[in-house]
Amino acid sequence: MTTDDRGTHSHDHDHPGTTPDVNETGYYELMAEAMKELLIEKGVVSADDLRRNLEFLDSRDPVDGGKIIARAWTDPDFKSRLLEDGTKAVEEMGLTMGDAELVVVENTDDVHNMIVCTLCSCYPRTILGLPPDWYKSKSYRSRAVVEPRSVLKEFGTELPDSKTVRVHDSNADMRYLVLPQQPEGTDGWSADRLAEIVTRDAMVGVVLPQA
Amino acid sequence: MNQRQHDMGGMDAGPIESSAHDAEPWAKMITSLAAAMRDDDIMRIDELRRALEDLPPDIYSQDYFERWSEAMINLLEEKGIWTRNEVMGRMDAIKAKLEG
């Protein structure tokens, strides 16, 4: 990719008194800064709305997802509510799904679930934060639905042939979260301690949580 | 059936690169601008998705947030909020200032 082959550079504005928030001149860094400045100047986005959204994004962490799973493992009533209506159940924990619905899929002795978004990269980002790069990659999006066991192997996850692998294809309005099985050897652990072993990748369904 | 570029299920692709790195600040900026505009109903998620799917293949195959940026410029140009030239011009101005 070159940086001078897209679009014309016909304008040369001067904006005294503003100090750009970028310290490098990469093409897309500049583009993001230019978009931010213009949207604020035009009154399309307020600086305050932008700050709130940045703060919210920075406050998202897969740890919140781990807390949901750990509570489901230790509180059967919550687990029922979570499987019944994920969006509503996570609200109890102060988490929001934004405009999308959350569908929680449960791993059992017979079924393993994994999630993908073949069409774009939909992901429960209001709970887990931004998706990892591999989730957005062509490799994962293309292959997860046709050869999930090979994909799982690349993450070091080998499942017995007797286990059904179910792949859930997310969309803009519906996001999935995998409820893994509680690993052996963790009976009697507190929800806090359990939450620590639930990784992001376990909630996407590409690995199993380890005690 | 003709499979469009975004409809990736089943396409040939290589191994998964699972190394992780955090989103860069500019990527978070793009995400947050998009979220703020969604909150105010200026740009809906499905509109952005359509703009992404309509990108030329060489742009669509770029990094995720790079294509988001390109799609947002196009979509907001359609909506009369700015022109691509305006964004490009501002990029040049910022660059000139940084290189001062």
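Helices, as the word is used here, are DSSP runs of H or I that hold at least four residues, and they are numbered from the N terminus of their chain. With that in mind, we can begin in chain B of this predicted model, where D41(B) is found in the loop between helix 1 (25-39) and helix 2 (45-53). The backbone angle phi of D41(B) is near 65°, which is a positive value in a residue other than glycine. D41(B) has 7 other C-beta atoms within 10 Å, and because a residue with 12 or fewer such neighbours counts as exposed, D41(B) is exposed.

Stepping back from this loop, we come to the helix that D41(B) follows, helix 1 of chain B. At 1.5 Å a residue, the 15 residues of this helix should span 21 Å, and its end C-alpha atoms are indeed 21 Å apart, so the expected and the computed values agree. Several residues of helix 1 of chain B are buried, among them W26(B), M29(B), I30(B), L33(B) and M37(B). As a general rule, an α-helix has 3.6 residues a turn, so residues three or four places apart point the same way. The buried residues of helix 1 of chain B pack against helices of both chains, namely helix 1 (27-41) and helix 2 (47-59) of chain A, together with helix 2 and helix 4 (64-78) of chain B.

Turning now to chain A, we can look at how two of its helices meet. Helix 3 (residues 62-74) and helix 4 (residues 76-84) of chain A pack with their axes 5 Å apart and at an angle of about 125°; the two helices are therefore oblique to each other. Their crossing is left-handed. On the side of helix 3 of chain A, the residues that take part in the contact are I68(A), R71(A) and A72(A), and they meet F78(A), K79(A) and L82(A) in helix 4 of chain A. Sorted by character, the residues of this contact divide into 4 nonpolar, no polar and 2 charged.

Helix 3 of chain A also holds I69(A), whose surroundings can be followed further along the chain. I69(A) has 26 other C-beta atoms within 10 Å, and since 20 or more are needed for a residue to count as buried, I69(A) is buried. If residues up to four places away in sequence are left out, I69(A) touches L179(A), P180(A), V198(A) and M203(A). I69(A) and A191(A) are 122 residues apart in sequence, yet their C-alpha atoms are 8.9 Å apart in space.

Note on methods:
Residues are numbered from 1 along each chain as its sequence is written. Chains are lettered from A and ligands numbered from 1 in the order in which they are written. This is a predicted model: local features need pLDDT of at least 70, side-chain atom pairs count only at pLDDT 80 or more; totals for chains, interfaces and linings use all residues. Axes are lines fitted to C-alpha atoms, for helices over the stretch in contact, and angles run from 0 to 180 degrees between N-to-C directions. Angles under 35 degrees count as roughly parallel, over 145 as roughly antiparallel, 65 to 115 as roughly perpendicular and the rest as oblique. A crossing is left-handed if the near helix is turned anticlockwise from the far one by less than a right angle, and right-handed if clockwise. Two residues are in contact if their C-beta atoms, placed from the backbone, lie within 7 Å. Ala, Val, Leu, Ile, Met, Phe, Trp, Tyr, Cys and Pro count as nonpolar, Asp, Glu, Lys and Arg as charged, and the others, Gly among them, as polar. The expected span of a helix is 1.5 Å times one less than its number of residues.
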